[in-house]
Amino acid sequence: MNKCQGCGSVLQNQNLNLDGYTQNIDNALCERCFRIKNYNDYHKIMKTNNDFMPIIRDVSNSHDLVVLLVDLFNIPKSLDKLIGNLDNKILLVLTKRDIIPLSVYDKRLINYFTNLSHKIVDTIICSSKKNFHIDELMDKIYFYKKTNNVYVVGYTNAGKSTLINKIIYNYTDKTPMITTSLLTSTTIDVIKIKINENLTLIDTPGLLEYGNILDYLDVSMLKKVVPRNELKPITYQLKDSQKIFIDNILCIENIEPNNITLYFSNDLNVKRIFKKCDLSSLKCYKVEAKEKEDIVVCGLGFIKVMKPGVFNIYTLPNVSVYTRDAFI
Ligand SMILES: Nc1nc2c(ncn2[C@@H]2O[C@H](COP(=O)(O)OP(=O)(O)O)[C@@H](O)[C@H]2O)c(=O)[nH]1
Ligand SMILES: [Mg+2]
């Protein structure tokens, strides 16, 4: 049984509409991975967590070390639920450090995750893109692993496959082949990568976070929404009932005067609006931010609020909007 080296699905030449389709099952990649890699032609597939839970159960039963990736820009709301399903020692890896402003201390970011779970044996902050702390991460993997197999786990888009490709590139003479993309559900099944005699990394499909805006945007919009560089936060002083409009996907309306700082991709078009505007395509969420709380728009970014207050947040239907302890 040949597997696609890009996404882990079993290669088949029978059904164009099913995972792993390729004309020739001796190819290294399925057609979808081939098209993502060579033409940046993304083909969205919809999966649910029912597809992935059996994999998480296998990981849990293995008792091998888990490297749990968390995207610092998009911290999943139900991280504790995923950890609850894992009966493993966990090395927590906070990724995409390059996106978070350099002025924020690493220590502060790490502290945000203390007390998350007793299963976490250590925490490290890294960036696959900038090759930041990858050697340190490898040292920790060797230190904590008890067997040769180490699972790389996390929500979809956390950067698991990108990290493993980086490790393949840095520490082996193989060519990094795992498909990575802006879309969710890029990796379909587990992919085992032998790094050396003592270490096999196992890439896993990420769990989905329902309500993530990335699932509701087309590719051109995705490219604007996903930050590529260090975020430059923008602060607004809001008087009564003003609106901040972000492309056609978000509108923030305050009820009382407040100061807010936006942590969103700087490629987005942010406008302050004083007049009436058409919000009919968006859904309104009334959100109360308490003392030291951020407002999160899942997948899009977050709003740091200066003082407690009530906001109307208009965004695409089905996108989840919630508050959390202030991150920065
Ligand atoms: N800025 C930045 N982007 C990253 C980093 N690691 C991964 N990405 C991007 O995050 C997206 C998802 O990555 P992928 O490896 O496919 O995530 P996976 O679903 O966890 O396997 C891709 O667009 C990657 O280019 C990083 O360290 N920094
Ligand atoms: Mg992946």
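Two strands count as paired when DSSP finds at least two bridges between them. Keep that in mind for what follows, and remember that this is a predicted model.

Let's start with one such pair. Strand S8, residues 243-246, runs antiparallel to S11, and four bridges link the two. Lysine 243 sits in strand S8, and across from lysine 243 you'll find isoleucine 273 in S11. Is lysine 243 buried or exposed? Its relative accessible area is 14%, and buried means under 20%, so lysine 243 counts as buried. If you skip its neighbours within four places in sequence, lysine 243 still has plenty to touch: its contacts are Cys251, Ile252, Glu253, Lys271, Arg272, Ile273, Cys277 and Leu279.

Now zoom out to the sheet that holds this pair. It's an open sheet of five strands with antiparallel pairing, and the order goes S11-S8-S9-S15-S12. At the edges are strand S11 (270-273) and strand S12 (283-289), each of which pairs on one side only. On average, neighbouring strands here are turned by 20° against each other, if you ignore direction.

There's also an open sheet of six strands, and this one has mixed pairing, in the order S3-S2-S1-S4-S6-S5. Its edge strands are S3 (120-125) and S5 (191-196), each pairing on one side only. From one strand to the next, the twist averages 25°. Over at the S5 end, five bridges join S5 to strand S6 (residues 199-203), and the two run antiparallel. Within that pair, isoleucine 193 faces leucine 201 in S6.

Two helices pack on this six-stranded sheet. Helix H5 touches strand S1 (65-71), strand S2 (90-95), S3, strand S4 (149-154), S5 and S6. Helix H6 packs there too, touching S1, S4, S5 and S6. Here's how their directions line up against a strand:

| Helix | Residues | Strand compared | Angle between directions |
|---|---|---|---|
| H5 | residues 134-144 | S3 | about 170° |
| H6 | residues 160-171 | S6 | about 155° |

Helix H6 also has a part in holding a metal. Which residues coordinate the magnesium ion (ligand 2)? They are Ser161, through its OG atom, and Thr187, through OG1, at 2.0 to 2.2 Å. Serine 161 is in helix H6 while threonine 187 is in the loop between H6 and S5, so this pair ties together parts that are 26 residues apart in sequence. Serine 161 is buried, at 8% relative accessible area. Threonine 187 counts as buried as well, with 8% relative accessibility.

Finally, the whole protein. Its secondary structure adds up to seven helices and 16 strands. Of its 328 residues, 54% are buried. How does its radius of gyration, 21 Å, fit with a compact globule? A compact globule of 328 residues would come out near 20 Å, so the value agrees. Along the principal axes, the C-alpha trace spans about 65 × 45 × 30 Å.

What about contacts between residues with a separation of 6 or more? In this protein, 70% of those come from residues 24 or more positions apart. As for the outside, the accessible surface is about 16,000 Å², and carbon and sulfur atoms account for 49% of that.

Notes. Residues numbered from 1 in each chain as written. Chains lettered and ligands numbered in written order. Predicted model: local features only at pLDDT ≥ 70, side-chain atom pairs only at ≥ 80, totals over all residues. Heavy atoms only, no water. Axes fitted to C-alpha atoms, helices over the stretch in contact; angles between N-to-C directions. Contact = heavy atoms within 4.5 Å. Donors = N, O, S within 2.8 Å, 3.2 Å for Na, K, Ca; no water. Buried < 20%, exposed > 50% of the residue type's maximum accessible area, 1.4 Å probe, protein only. Rg over C-alpha atoms; globule rule 2.2 N^0.38 Å. Areas by Shrake-Rupley, 256 points an atom, 1.4 Å probe, with all protein chains shown as cover.
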